[in-house]
Amino acid sequence: MSLPTLLQSVEKLQTALQAKAKAEPSYRFYSLWDKVYRKDVLWQAYRHCRTNGGAPGADRVTFEQIETEGVGPWLAKLQEELRSKTYCPGPLLRVWIPKSNGGQRPLSIPAIRDRVAQMALLLVIGPIFEVGLCPEQHGFRAGMDAKMAIRRAYFHVTERRLQEVVDADLSDYFNTIPHGALMRCLSRRIADGHVLSVVKHWLRMPVVERTEDGECRTTEAADTNRGVPQGGPASPMLANLYFRRFILAWKQFGHERRLQAHVVNYADDLVICCRPGKGSQAMEVFRSLIARLGLTVNERKTRLVKLPEESFDFLGYTVGRFYGRNDRPIGSSGDMWSGVSAGGSCGVNSVMARGTSSTPTPICTKRWGCINCPPAARPC
């Protein structure tokens, strides 16, 4: 089967699953495992994993070794394990990567065979759950990115005048997601017992950490029944799926309308943009809902910001008032909410967003242009 044919057959499967999920929101898919080990799905899953690259897992098997021995036979062996339901995932490899604040973030890297199996499952169930995710969720979704989340927060602040912002932070979100509640989120649309069983095995796998003294194996996830290991292809979707519960509760319980408070979320980062005077109430409701979900608010980093006097950081941008020469607010021309950008290319507000550059710039890309510029004035 040629590569274009493989792509077309996988896309046809995904389109059919997504159409069914969208047409029948309460439908539970009862026969999915046979689609996970389809040859075209496994080949596409391997291509995704190979493109992403990454270090080998705890078994030390690399992509180069697989390709030397032959990808076809290697995938055929994995396919047989999945078909006969003898597939058993291996332990995860713990590595540490630096964070921007000077700390370290733990990654739990699956072996390549487990990455391919996770990606194959993601290709099948991803379209089913994608239709149910909230528009406030921008992380790890096709057609969405971090800049869109920034623009949405910027729009709330400037156009809707939601100038009180809950700059929220969760303590170790990925590693504290309760397994039981997460599995209920999955079973809401999936009735295939073997799919659910394999996902549960992935969540509970032991972690191997290599040190100078040898290897140390821990079973924290299985012991606590918490955590989605960061490092595997399925973890972003699972994290989005669980955080969806918070956003649904926020909206369905009427907090968005009552407090005029809108959530903008990217993975485990979020801000809540509120009408002035409503920020404190939104903060309390946020704490209450997060506790009910079994998660923990990072009180040291969570705060209420009142614009434009204060500012907040979100996804690498700082939103607030910035001053230029003569201590004048950049973009100010008498009206706090109107002005011209530093480059003079289009109108932006005094409450601006900027990245790490010392020169404030409007958030813009070639595809989307500046948030608040009329189409005729967009320079990009």
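**Internal cavities of the predicted model**

Leu92, Ser108, Pro110, Gln118, Trp202, Leu203, Val228, Pro229, Gly232, Ala234, Ser235 and Leu238 together form the lining of the largest cavity in this predicted model. The space enclosed there amounts to about 100 Å³. Two helices stand out in the wall: helix 10 (193-203) and helix 12 (235-252) each contribute at least two lining residues. In chemical character, the lining comprises eight nonpolar and four polar residues, with no charged residues. Ser108, Gln118, Gly232 and Ser235 are the polar members by the classes used here.

A search across the whole structure returns three cavities of 30 Å³ or more, and it is worth pausing at the second largest as well. Its volume is about 50 Å³. The residues around this second space are Gln118, Leu121, Leu122, Ile125, Val199, Trp202, Ala234, Met237 and Leu238. Here helix 6 (112-130) joins helix 10 and helix 12, each of the three supplying at least two residues of the lining. Helix 6 provides the largest share, with four residues. The lining of the second largest cavity again holds no charged residues, and divides into eight nonpolar and one polar.

Reading the two linings side by side gives a pleasing link between them: Gln118, Trp202, Ala234 and Leu238 appear in both. Helix 10 and helix 12 likewise supply at least two residues to the largest cavity and at least two to the second largest.

How values were computed: Residues are numbered from 1 along each chain as its sequence is written. This is a predicted model: local features need pLDDT of at least 70, side-chain atom pairs count only at pLDDT 80 or more; totals for chains, interfaces and linings use all residues. Side-chain values use heavy atoms; hydrogens and water are left out. On a 1 Å grid over the protein atoms alone, a cavity is a set of points where a 1.4 Å probe fits but cannot get out, and a pocket is an open set with protein on both sides within 12 Å along at least five of seven lines; lining residues have an atom within 4 Å of a point. Grid points are joined across faces, edges and corners, and a volume is the space filled by probe spheres set on the points.
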